[in-house]
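Student: I should like to work through this structure by question and answer. May we begin with the strands and then turn to the helices and individual residues?

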Amino acid sequence: MSLTVDALLLERADGVRLLGPLSLQVAPGDRLGLVGESGSGKSLLTRAMFGVLPPGVRQAAGSLAAFGTPLDPPGPARDRIRGNRLGWVPQEPGRALNPLLTLGEHLGLLPRIHRGESSRTAATRLAPLLERLRLPSDPAFLARFPHQVSGGQRQRLVLAMALSCEPDMLVLDEPTTALDPAAEAAFLDVTLDLQRERNLGFLWITHDLDLARRACDRLLVLYGGEAMEAGPASRLLATPRHPYTARLVEAAQRQPSSESGFLPVPGERPGGCAFRPRCPSASECCLDPGPWQGTPSDGWRCPFPLELAAERT
């Protein structure tokens with residue numbers, strides 16, 4: 001029972017590579033964080049999982065599966081997984097919620113599809129969950145529309161919707177981006193409490209390394225649509241092995257960094273390591289960084305020895 005991404009490759013219609021090949025696995029109880037700066041391909045992965053890729057983007061190779069059921073070909077088996085056993089908390093609750101539906105109607109959407117429950121039955125069953133999420137469960141509150149509640153309440157409602165069918169796994173795409181620090185801390189605390197109680201698997205997407213350290217046991221670092229490094233969160237953030245991971249840690253600690261420039265534009269990516277144009281230690285060998293070193297869960301893709309990253313940090 002796990003969420004599995006195997007050699008996934010996403011391309012534009014003209015064949016330009018956007019993400020991958022990428023592989024990862026999340027089992028129940030796991031908390032994997034996908035980190036990297038904006039544009040690295042993190043959210044594109046979640047959209048592939050839930051079948052909502054942007055127009056002009058296609059899955060060119062690889063596979064996606066949850067609990068042994070493929071997620072890439074459309075069909076009833078896939079539809080029984082997404083939103084039911086695999087929940088999704090999108091980045092912007094304001095865009096995820098329909099302004100014409102009440103909060104109670106939102107809460108009943110997935111239970112109606114997957115369990116045949118009415119909105120009233122779902123609201124009654126989910127009242128303890130709303131209480132845990134510090135949301136009122138009375139009819140007056142559930143009769144409100146999204147614009148009539150705060151941003152923090154909207155985000156917690158989206159989390160309640162993702163948990164409404166008691167899934168085995170959650171995909172959280174930058175869920176705290178729009179929250180202030182107090183609301184973010186409260187959201188993180190209650191989410192982690194529910195994860196431990198229900199033994200949920202997490203794929204938590206974020207660019208915030210401090211949040212990743214608190215929320216996740218393992219991290220996978222993306223840059224330019226490629227995996228740079230993976231490992232236990234405590235090790236990876238303390239002793240990064242890839243120069244790009246070291247750059248992220250320096251930026252999070254607000255230390256001066258010697259790198260400059262921007263993410264490569266799709267279609268203009270350099271040969272070899274995608275980070276090569278921004279890496280001060282780059283050399284000709286970076287044109288062919290070689291295979292992934294270490295293990296899939298604790299490794300990196302860089303031809304330089306570990307001492308390089310240790311020296312940089």
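**Strand pairing, helix packing and backbone geometry**

Tutor: In this predicted model, strand β9 (residues 218–223) pairs with β10 in the antiparallel sense over six bridges. Let us start from that pair.

Student: Which residue stands opposite A227 in β10?

Tutor: Strands β9 and β10 are antiparallel partners, and A227 belongs to β10. The residue that stands opposite A227 is L222.

Student: Which residue in the hairpin of β9 and β10 takes a positive phi?

Tutor: The hairpin has two residues between the strands. A positive phi near 60° is found there, and the residue that takes it is G224.

Student: Which residue in β12 does E229 stand opposite?

Tutor: Strand β10 is also joined to strand β12 (residues 298–300) by two bridges, and the two run antiparallel. Six of the seven residues of β10 (residues 226–232) are buried, so β10 is largely enclosed by the rest of the structure. Opposite E229, in β12, stands W300.

Student: What is the strand order of the open sheet of four strands?

Tutor: The pairing in this sheet is antiparallel. Strands β2 (17–26) and β5 (69–70) stand at the edges with a single partner strand each, so one side of each is left without a neighbour in the sheet. The order is β2-β1-β4-β5.

Student: Which residue in β2 is the bridge partner of L8?

Tutor: Strand β1 (residues 3–12) pairs with β2 in the antiparallel sense over six bridges. The bridge partner of L8 in β2 is L22.

Student: What angle does the direction of helix α1 make with that of β1?

Tutor: Helix α1 (residues 42–49) packs on the sheet and touches β1, β2 and β4 (57–66). Six of the eight residues of α1 are buried, so the helix is largely enclosed by the rest of the structure; among them are L44, L45 and M49. The angle between the directions of α1 and β1 is about 110°.

Student: Why is β7 described as largely enclosed, and which residues cover its two faces?

Tutor: Five of the five residues of strand β7 (residues 169–173) are buried, so the strand is largely enclosed by the rest of the structure. In a regular strand the side chains alternate between the two faces of the sheet. The buried residues are M169, V171 and D173 on one side, and on the other L170 and L172.

Student: Which residues pair with M169 in the strands β6 and β8?

Tutor: Strand β6 (residues 86–89) runs parallel to β7 and is joined to it by four bridges. Strand β8 (residues 201–206) also pairs with β7 in the parallel sense, over five bridges. Opposite M169 stands L86, and its bridge partner in β8 is G201.

Student: Are the helices α9 and α10 roughly parallel or roughly antiparallel?

Tutor: The axes of α9 (residues 151–163) and α10 (residues 181–198) come within 11 Å and cross at roughly 10°. The crossing is right-handed. Angles under 35 degrees count as roughly parallel. The helices α9 and α10 are therefore roughly parallel.

Student: How do the residues of the contact of α9 with α10 divide by type?

Tutor: Residues Q155, R156, L159 and L163 in α9 meet F187, T191, L194 and R198 in α10. These residues divide into four nonpolar, two polar and two charged.

Student: What is the C-alpha separation of L97 and L157?

Tutor: L97 is found in the loop between α3 (93–96) and α4 (103–107), and at 5% relative accessibility L97 counts as buried. Among the residues it touches are H106, P146 and L157. L97 and L157 are 60 residues apart along the chain, and their C-alpha atoms are separated by 9.4 Å.

Student: Where is the residue F67, and what is its phi?

Tutor: F67 lies in the loop between β4 and β5. At 13% relative accessibility, F67 counts as buried. Although F67 is not a glycine, its phi is positive, at about 55°.

Student: What is the phi of E174?

Tutor: E174 is placed in the loop between β7 and α10. E174 is buried, with a relative accessible area of 8%. Its phi is positive in a residue other than glycine, near 45°.

Student: What is the omega of the peptide bond from G20 to P21?

Tutor: P21 has its place in strand β2. The peptide bond from G20 to P21 is cis, with omega near 0°.

Technical notes. Residues are numbered from 1 along each chain as its sequence is written. This is a predicted model: local features need pLDDT of at least 70, side-chain atom pairs count only at pLDDT 80 or more; totals for chains, interfaces and linings use all residues. Side-chain values use heavy atoms; hydrogens and water are left out. Axes are lines fitted to C-alpha atoms, for helices over the stretch in contact, and angles run from 0 to 180 degrees between N-to-C directions. Angles under 35 degrees count as roughly parallel, over 145 as roughly antiparallel, 65 to 115 as roughly perpendicular and the rest as oblique. A crossing is left-handed if the near helix is turned anticlockwise from the far one by less than a right angle, and right-handed if clockwise. Contact means heavy atoms within 4.5 Å. Ala, Val, Leu, Ile, Met, Phe, Trp, Tyr, Cys and Pro count as nonpolar, Asp, Glu, Lys and Arg as charged, and the others, Gly among them, as polar. Two strands pair if DSSP finds at least two bridges between them. Buried means under 20% relative accessible area, exposed over 50%, partly exposed in between (1.4 Å probe, protein chains only). Lists of a residue's contacts leave out its neighbours within four places in sequence.
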